[in-house]
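Dear colleague,

Please find below the structure that I am handing over to you. My notes on what was found in it follow directly after.

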Amino acid sequence: MPDGWQWDPTLFQGSAAYYERGRLPYATGFAEALAGSLGLDGGGRLLDVGCGPGIVLLPMARYFTQAVGVDPDEDMLAEAERRAGHLGVTNARWVAARAEDLPAGLGTFRAVVFAQSFHWTDRYRVAATVLRMLEPGGALVHVSDLKEPVPEPVVSPAPVPSPTPVPQLAPPLSPTPPYDRIRDLVRRYLGPVRRAGQGVLVDGTPGGEAAIIERAGFEGPARLVVPAGEVVTRTSDDIVAWAFSRSDSAPHLFGDRLADFERDLRTLLAATAPDGRFAERLPATEIRIWRKPPG
């Protein structure tokens, strides 16, 4: 877990309703790419640890006999179950538990996925447990946005008046969301050190996961990058949802100042984009796959 931080159940309290809308999606086709890389045939079972509202589990479920989502936040699980019903996913099961509660009598799996959740766990302990829960040759999979920087869409400059009209081939792009200023606003309300539940992350979330997973007995990793890069339009409501979907600005952290924070956030967004529209480039999805040794 992050140094100096202790898990508590309020980490994402109140964020479930905002998660799907606020977070940018993984790259289109990531589920098909992962299924191909793992050689899935529709059999076996999938475990998604820290599944949230099912962002990864639901598109992956069709490649398995059963998909099990584990998360300690019951609101996240309720949202995942609602989305499963909407999407017609009938082979999913949802379990309220922490990663540290595994194996929790859940049985054996062909693949165990962590989608940007592994850093919140007691990583070596959890990796060693997952190794025992996997079939021989089974996979521990980490899914995340590609962290390498990509060019951002920019605001087109105002046209310079010309005596000869110049045809506009495309409308100017909307501005990008002012994430740095949003983080400054969060710090004004919640303090200079990043919040996480009832605690703080003095040094941020930890890295070095590859060495920890390998020490637990896995082989790899293989790396798969699923490209994206499309520019999408986001509204002010989407950006507000992004803020409330995060552990460091979850709604409960603001207490009785929540309405004040949202008012100031919307004022900031309106000053950046009076029409309430922002342009954002979808990041590529990075998938790392570790294997349990066969036999």
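A residue is called buried here if its relative accessible area is under 20%. The model is a predicted one, and the findings below should be read accordingly.

Helix H2 spans residues 30-38, and its buried residues are Phe30, Ala31, Leu34, Ala35 and Leu38. These residues lie on the same side of H2, because the arc they cover around the axis is only 130°. Their packing partners are helix H3 (57-60) and four strands: E4 (109-115), E5 (134-145), E8 (219-226) and E11 (285-291). Just after H2, Gly39 adopts a positive phi of about 65°.

Two of the strands that H2 packs against, E4 and E5, pair with each other in the parallel sense over six bridges. Together with helix H5 (residues 123-133), E4 and E5 form a β-α-β unit, which is right-handed. E5 also pairs with E11, here in the antiparallel sense and over seven bridges.

Val141 may serve as a reference point in E5: Val141 is the bridge partner of Val113, and the bridge partner of Val141 in E11 is Ile289.

As to annotation, the unreviewed UniProt entry assigns "domain: Methyltransferase" to residues 47-138. Over residues 47-138 the chain is 32% helix and 28% strand, and the C-alpha atoms at the two ends are 11 Å apart.

With kind regards

How values were computed. Residues numbered from 1 in each chain as written. Predicted model: local features only at pLDDT ≥ 70, side-chain atom pairs only at ≥ 80, totals over all residues. Heavy atoms only, no water. Buried < 20%, exposed > 50% of the residue type's maximum accessible area, 1.4 Å probe, protein only. Arc of directions from axis to C-beta. Contact = heavy atoms within 4.5 Å. UniProt positions renumbered as here; feature names shortened; annotations may be inferred. Pairing = 2+ DSSP bridges. Right-handed = clockwise from strand over helix to strand, strands pointing away.
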